[in-house]
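Please open the complex in your viewer and keep the selection panel at hand. The tour moves from confidence to the interface and then to a pair of helices.

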Amino acid sequence: MAAHIDDLVDFDVALEKYDPVLGFEVHVELSTKTKMFSSAPNVFGDTPNTNVTPVCLGLPGVLPVVNKTAVEYAILIGLALNCKIAERCGFARKNYFYPDTPKNFQTSQYDDPIAYDGWLDIELEDGEVFRVEIERAHMEEDAGKLTHMGGATGRIQGADYSLVDYNRSGVPLVEIVTRTIEGAGKRAPELAKAYVAAIREIVKNLGVSDAKMERGNVRCDANVSLMLKGADKFGTRTETKNVNSLRAVEHAVRFEIERHAAVLNSGAPIVQETRHWHEDTRTTTSGRPKSDADDYRYFPEPDLVPVVTTAEWVEELRSRLPEPPADRRKRLKADWGYSDAEFRDVVNAGVTEAIEETIAAGTTAAVARKWWMGEIARLAKNADVEILDLGVEPATIVELNSLISSKKINDKIARQVLEFVVAGEGTPTEIVAARSLAVVNDDSALGAAIDAAMEAMPDVVAKVKGGKLQAIGALMGPVMKATRGQADAGRVRELVLQKLGIEG
Amino acid sequence: MTDIIHLSATELAAKLRAGELTSVAAVQAHLDRIAAVDGGERGVHAFLHVNTEEALAVAAEVDAIRAAGGEAAEALHPFAGVPIAIKDLIVTKGQPTTAASKMLEGWMSPYDATVITKIRAAKLPMLGKTNLDEFAMGSSTEHSAYGPTRNPWDLDRIPGGSGGGSAAAVAAFEAPLALGTDTGGSIRQPGAVTGTVGVKPTYGGVSRYGAIAMASSLDQIGPVTRTVLDSAYLHELIGGHDPADSTSLNEPVPALVAAAEQGASGDMTGVRVGVIKELQGEGYEAGVQARFDESLEALRAAGAEIVEVSCPNFKYALGAYYLIMPSEVSSNLAKFDGVRFGTRVLPTEGPLTIERVMGSTRAAGFGDEVKRRIILGTYALSAGYYDAYYGSAQKVRTLIQRDFDAAFELADVLISPTSPTVAFELGSKTDDPLAMYLNDVATIPANMAGIPGITVPGGLSEGLPVGIQFLAPVREDARLYRAGAALEKLLEDTWGGRLIDQAPELSAATTEEVR
């Protein structure tokens, strides 16, 4: 089913007339060893319906037990978002029938979230800082995963049947809910992306989530409404569900602003509803109507007792908080002396930690960047994998660098050695020995190659003799070829000059 | 060996330990009794499943350990080898668990309830699964999808409910021990009308893990036996903290057997017994009231100080119970949808959407009483009604707790008739749900407050048993056993033996009339 393309108003035109108001619900899957309320393993990607216990299948007679680590992770997230932590909070049942929810209710926090009243400063690309207020962060359990079979689109409409995998059923989630965000104006899509990126970075930095959006570890529901400039009342909002990449978050917010403007300009009301995001067409389509009167018949979960957080516990967790990512970035950029662009590239490539470790292992910041953003990035791109997935160790970079500075190998050989390291042939030193890649600086071997080159290129020799020393470069090719690239270029130059009786 | 089945569990256990009897013989005697009286058109029908093979195998294992002697024999639980029946609301590996519902027909649990794990560890042979009102919803066992259980005292009468199967099995000497569950009286009211002993422990005293939930904040598993001492042993065996049940108390089981043994002297000197003003008089049958008054006299004569206490908010208890319980039912029973386990019924016409499959499964799988409560609870939790119904009911719950707190300032234990009437005739109240609900008026307050309660036989009214209920503060289950054992001893002295031995002889299941 192709998505219906609504009429749109050009983004800039829309923003001349309307102010966008945003709100986000970001679900973070926690990387605990076991699930929120059962001892089943919390592992992504295993054979369907293997990481299950009677509890996460909702079999008759089972009871939930709260995972203490999940509570700690939720508190850590709350603290990192500058929230207050509830001294006592509980769970409720959200009742609705759906086959991915084995009990036909979701156990979630309702009117007493574990963390509330926080904020997060979001730095946009040009350095402008935008404060987003956090209403709450609460704990809940994930649903199983439905796969709709037989339809053309993979959606439930038109499917012949659906398969359900309960491995994800009961995986701990923290849902982070913002207050309404006003005043972003034209920067709303950019802010949306930056906000989700910041949440992702924080939970990753805290070590509480794998934070892989493509795996659904971080999922964003984006609420958008428009109000006429100068109006004092919010417009009707739509909620675009499960937007699962940073770029998509930006595009979805932009699209909804353009669509809302078109609807409002036509005089029609915005329908309060959920919207589905389509990455292929970069559009949203209507989901189900949603109103505040959705009746989930919440009531306190009678199978659980309240979670009590003592001040000592919270303070102990606070002491475990790592340096906030934004602070850390500022510090590293200054320490390393990178330009804004260089640093942004490093961050975007996800190699900040790798560079930090490489520097700690004994290289300069410049050398570390040269390798990680140069040859290693190139190999990763060729192999179509993430840079870190190549498995290059910081120690390898240090070793390569010291082989170069001690003139055992040159830059070009070093790059080849790296490839062999990635291929699993051993350490750089082992590879250099095993493949006889050490630089040839044996003068007699070099001398023969140089003599042959000079004999073959009398015109070059004449130029050098005539004072054009840079012409020596032309001799380098044949010499390198004769030595299979292993010649020490500096030594070759010295020998040529020596043979021609020129002072270097 | 017809005597075997008439032994109390404690007596039977002593004979097993002394080597006077084998567990295989004990189990076989009960299996023979079940075969004789449980089946057929006018059988007791206490059992939904008889677990012959496994029960005999466990018995043989116990006999072998005892025969071999040594440390393994020494380490056996005192009740090892004593057979037990299990209410079919409690999940068991290797035996079907139906909750007496079509919804779970043929379902085999892949896991054991915590109490079953304990029973297996103690090596009590499980005789089988007993009948109940569907999903424990009822007071007569007539709401079982597999047919009613009959009261061994009069086969035309109900055995109480929801745990009528467990009570009738014990009363009919088909089992010396049984497990029940009590949400609003489902252990105590059947105990009362069958002349047996039943205990609802303090909420959290026994793990609920593996008891199919009816109303989570009210449910509790407890013992069903013929003597108070037997209940004490069984309660100690199944009680204690369970990490799989967040609501289970994290403390050791109280010394219940010692309390029952203390009570068996019949001495009640210094014990303050509070008579709950609101749980007698109007609505209580004259015969029930007479036996209750005699019990009070017996206790007074044994040294108890009888005081009157008032619990003015009890008049709201039944109404509040019928909001909280169905609310939790509506959510707890949502999982029965035909998707993952149990019965699945496809719609006979129209498209096969998931909503329609769930709908037709629930329409066909649940009985009327279950549907009634699901609908009531769904309504009570709905937006706009929640505060008026569920919210108000929770406030009543607090008021009832305060009533009990005040009453326990004046008394060590409270006393009332367990049920306002003796067993009524089968079919007489099935069309009148409100009349049925009134059976639990005296038992419900304990569930609402989480406190423990016991019923002990209090004599007969027109040939049918009357139950006397004691209640104690939270965690003070031992007081129930002290008072219960004392009353048991005092009354048996007047009867010249156990009340249950006055029950009419049941003949073979083929017999048309009870002689």
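What follows is a short series of selections, each with a note on what is there.

This is a predicted model, in which local features need pLDDT of at least 70 and side-chain atom pairs count only at pLDDT 80 or more, while totals for chains, interfaces and linings use all residues. Residues are numbered from 1 along each chain as its sequence is written, and chains are lettered from A and ligands numbered from 1 in the order in which they are written.

Begin by colouring chain B by pLDDT (the predictor's confidence in each residue, from 0 to 100): its mean is 96, and 98% of its residues reach 70 or more. Then select residues 509-515 of chain B, where the pLDDT is below 50, although this stretch has 13 contacts in the model beyond near neighbours in sequence; a contact means that the C-beta atoms of two residues, placed from the backbone, lie within 7 Å. Where pLDDT is low, the predicted coordinates should not be read in detail.

For the complex, the predictor gives an ipTM of 0.95 and a pTM of 0.86. Select the interface next, where 26 residues of chain A are in contact with 33 residues of chain B.

Finally, select residues 68-80 and 311-319 of chain A, which are helices α2 and α5 (DSSP runs of H or I, at least four residues, numbered from the N terminus). On the α2(A) side, E72(A), I75(A), L76(A) and L79(A) meet V314(A), L317(A) and R318(A) of α5(A).

Terms used:
Axes fitted to C-alpha atoms, helices over the stretch in contact; angles between N-to-C directions. Helix = DSSP H or I, 4+ residues; strand = E, 2+ residues; numbered from the N terminus.
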